[in-house]
Amino acid sequence: MTTSVLDQWGAHLRHSRGASAHTVRAYTADLAAFLAFTGTDPADPGAASALTLRAARAWLADSVARGAARSTVSRHVAALRNFSAWAHREGLAPTDAAAALASARADQRLPRVVDQDEAAALLECARSRASADDPVSVRDWAILELIYATGIRVSEACSLTTSSVDAAALTVRVLGKGDKERTVPFGAPARDALDQWTVRARPSLAVGTDALFVGAKGGPIDPRVVRAMIHRMCARAGVRDIAPHGLRHSAATHLLQGGADLRAVQEILGHSSLATTQRYTHVDAGRLSDVYRRAHPRA
């Protein structure tokens, strides 16, 4: 039975590149969409040869015409270039056709954030709802406290195990993108929420798993459940609606507003490039003006 080029490339991304499940899904979906655009069957042994520079540009132009965001087009380009290089190395394509494909500039828009008062209101709402009679409510409080305290990604939070947390040292070991591990500190509020979850609530839910956060059926929690929970909690707390990435971005922004060093924030967030942190974490213009007036001799 012939293995489709999508399966082969997906296996390469997972096992050789250490790509996250999210990246594998996104990239293989992009390739599937491109092949469909060209009328190519992924199971065809010569499917990789459908990727020509002209075909790639035509598909990207069609994506733009259909209203795709710049960030989506940028990912399309990255997927095609990665696939093209792999297919050529594997002898599935005569040339690395997408090597000449120019990278699209991604959107520079920042995710929606909450200010420090709103973050406090959100977390207080979660804490006040946490009840011994409802272990899910305690879990939700612990998840919110930990994401805000550490700025970890929702996928990273969902992949934590019970051994990831060092309660004595107030740190958590996180496996990030590219299977890179980092240790991130957290504070007393997150510790208290985690204690309540792990000692009081988790044992009544967890079924045969060492996942730190579990779903209602006892297995590892799905990131979609966390996203839905955060949206609901924002509505209950009466704060602006944000996604988990917005909570991560809020944490990073508040660290910078509190005087944290940019490189320290880079380490906490798990960014390989400082440029990513500089784009991702912003300091409002008002604070910059205040710093300037206090620090510059000619202000």
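Trainee: Let me get this straight: buried means under 20% relative accessible area, exposed over 50%, partly exposed in between (1.4 Å probe, protein chains only). Is Phe213 buried or exposed, then?

Mentor: Buried, since its relative accessible area is 1%. Bear in mind that this is a predicted model, where local features need pLDDT of at least 70 and side-chain atom pairs 80 or more, while totals for chains, interfaces and linings use all residues. Numbering runs from 1 along each chain as its sequence is written, and side-chain values use heavy atoms, leaving out hydrogens and water.

Trainee: Cool. How many aromatic pairs does the structure hold?

Mentor: There are 5 of them. Phe, Tyr and Trp (six-membered ring) pair with centres within 6.5 Å; planes under 30 degrees apart are stacked, over 60 edge-to-face, the rest tilted. Take Phe34 and Trp59: their ring centres are 5.7 Å apart and their planes sit at 70°, so that one is edge-to-face.

Trainee: And where do Phe34 and Trp59 lie?

Mentor: Phe34 is in helix 2 and Trp59 in helix 3 (residues 53–65), so the pair ties together parts 25 residues apart in sequence. Helices (H or I, at least four residues) and strands (E, at least two) are DSSP runs, numbered from the N terminus. Phe34 is buried at 0% relative accessible area, and Trp59 is buried at 3%.

Trainee: What about the rings of Trp197 and Phe213?

Mentor: Those are stacked, because the planes are at 25°, with centres 6.4 Å apart. Trp197 belongs to helix 8 (residues 188–201), whereas Phe213 is in the loop between helix 8 and helix 9 (223–237), so this pair links distant parts of the chain, 16 residues apart. Trp197 counts as buried too, with 0% relative accessibility.

Trainee: Which residues do ring pairs link into a cluster?

Mentor: Trp9, Tyr27, Phe83 and Trp86.

Trainee: Switching to helix 1: which of its residues are buried?

Mentor: In helix 1 (residues 5–15), Val5, Leu6, Trp9, Gly10, His12 and Leu13 are buried. Their arc around the axis (directions from the helix axis to the C-beta atoms) is only 160°, which puts them on the same side of helix 1. What covers them includes helix 2 (21–38) and helix 4 (70–89).

Trainee: What is His12 in contact with?

Mentor: Beyond its neighbours within four places in sequence, His12 is in contact (heavy atoms within 4.5 Å) with Arg17, Trp86 and Arg89. His12 has 14% relative accessibility, so it counts as buried.
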